[in-house]
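This briefing introduces a protein model to a first-year reader. Please keep the sequence and the structure in view while reading the points below.

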Amino acid sequence: MTASDGIRTPDDTIADFVRNGGVRLRVLDSARADPARGGGVAGDGGPAPVLVVPGMGEYADEYAWLADRLGDRRVVVADVRGRGGSDVPETGYTWEDHIGDLRAVVTSLGLDRPILVAFSRGSSYALGYALDHPEGVRGLVVGDYAARHVGLPEDLAERQLAVKVRGVPVARRMSEHAVRRVFAESREVPLWERLTELRCPVLALRGGARGAVLTDELAERWRTSLPSVALATLPAAGHDLWSRDPEAYLAVLLPFLTRCDTH
């Protein structure tokens, strides 16, 4: 079983699959469509590869535009378990399981110290991977999220299914089974005290409009817990950081990626 449920996706020419044990994970890989963008393997000397980790209810194809805009840089976008075109296992939706999905993508595709670009709940998976592999990550972008893996009350799963992401309910974006298992197998994992273990540049992006999760208070906590963090606010964005104004998002992201290339 896969997670897609009637969502129209672009041409599949850059899609591929990797495995994390018995779970098949769908990824978009710009190097598959254009071998000239096959950088990011050890010793190639090109720009660092980017591994995009979407949020809850998002799917990889929504980030195909970002791959197009990053030029010669190799961009891989991962559908973690239960999302997009990836498998929907019966169980196995813990924080650690999702981190394992990212590890499988990096290992299977031979990505050399990628820059992780994450959004919303995907940020906690990316943070977990960066903490597990402090020397294996060249940069980390946290998309409107705190330094925690949020424990989700099971009785709120129904509400999550009705939430709309870019006009489409999560119930049409993600398997109901996967949503309910993400809630059932979640637990609170505070990460503020571990941020100093990171060895790469970190950018925390937040929206400045209604709906943003990363409040002023949480932004200050980022500064206190990780003084080296780069914080940026997109004034017109809410929690959805890029869909209304991709250019504003890129204006912050691109200089950070360039900075990470030499890290």
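Arg-199 is partly exposed, because its relative accessible area of 46% falls between the limits of 20% for buried and 50% for exposed. The model discussed here is a predicted one. The points below begin with Arg-199, continue with two other loop residues, Ser-175 and Ala-212, and end with the nonpolar cores.

**Arg-199 and its surroundings**

- Arg-199 is placed in the loop that lies between strand E10 (189-190) and E11.
- Two backbone oxygens accompany the side chain of Arg-199: that of Thr-196 lies 2.9 Å from one of its polar atoms, and that of Glu-197 is reached at 3.1 Å.
- When neighbours within four places in sequence are left aside, Arg-199 is in contact with Pro-134, Glu-135 and His-263.
- Between Arg-199 and Ile-115, the C-alpha atoms are 12 Å apart in space, while the two residues are 84 residues apart in sequence.

**Ser-175**

- The loop between helix H6 (170-173) and helix H7 (176-184) contains Ser-175.
- Is Ser-175 buried or exposed? Ser-175 is buried, because its relative accessible area is 13%, and the term applies under 20%.
- The side chain of Ser-175 reaches the backbone nitrogen of His-177, at 3.2 Å.

**Ala-212**

- Ala-212 belongs to the loop between strand E11 (202-207) and helix H8 (216-225).
- With a relative accessible area of 23%, Ala-212 is partly exposed.
- Not counting residues up to four places away in sequence, Ala-212 touches Asp-144, Gly-207, Gly-238 and His-239.
- A separation of 32 Å lies between the C-alpha atoms of Ala-212 and Glu-90, which are 122 residues apart along the chain.

**The nonpolar cores**

- How many residues does the largest nonpolar core have? This core has 57 residues, and those with the most contacts inside it are Leu-51, Val-105, Leu-127, Leu-140, Leu-198, Val-202 and Trp-222.
- Helix H3 (residues 95-109) supplies the largest share of this core, namely seven residues.
- Another core, of 32 residues, lies apart from the largest one and includes Ala-48, Leu-253, Phe-256 and Leu-257.
- Leu-140 is in contact with residues including Ile-115, Leu-116, Leu-127, Leu-198, Val-202 and Phe-256, with neighbours within four places in sequence left aside.

Key:
Residues are numbered from 1 along each chain as its sequence is written. This is a predicted model: local features need pLDDT of at least 70, side-chain atom pairs count only at pLDDT 80 or more; totals for chains, interfaces and linings use all residues. Side-chain values use heavy atoms; hydrogens and water are left out. A nonpolar core is a set of buried Ala, Val, Leu, Ile, Met, Phe, Trp, Tyr and Cys residues joined through side-chain atoms within 4.5 Å. Buried means under 20% relative accessible area, exposed over 50%, partly exposed in between (1.4 Å probe, protein chains only). Helices (H or I, at least four residues) and strands (E, at least two) are DSSP runs, numbered from the N terminus. Contact means heavy atoms within 4.5 Å. A polar contact is a pair of N or O atoms within 3.5 Å; within protein, one must be able to donate a hydrogen and the other to accept it, and residues adjacent in sequence count only if both atoms are side-chain atoms.
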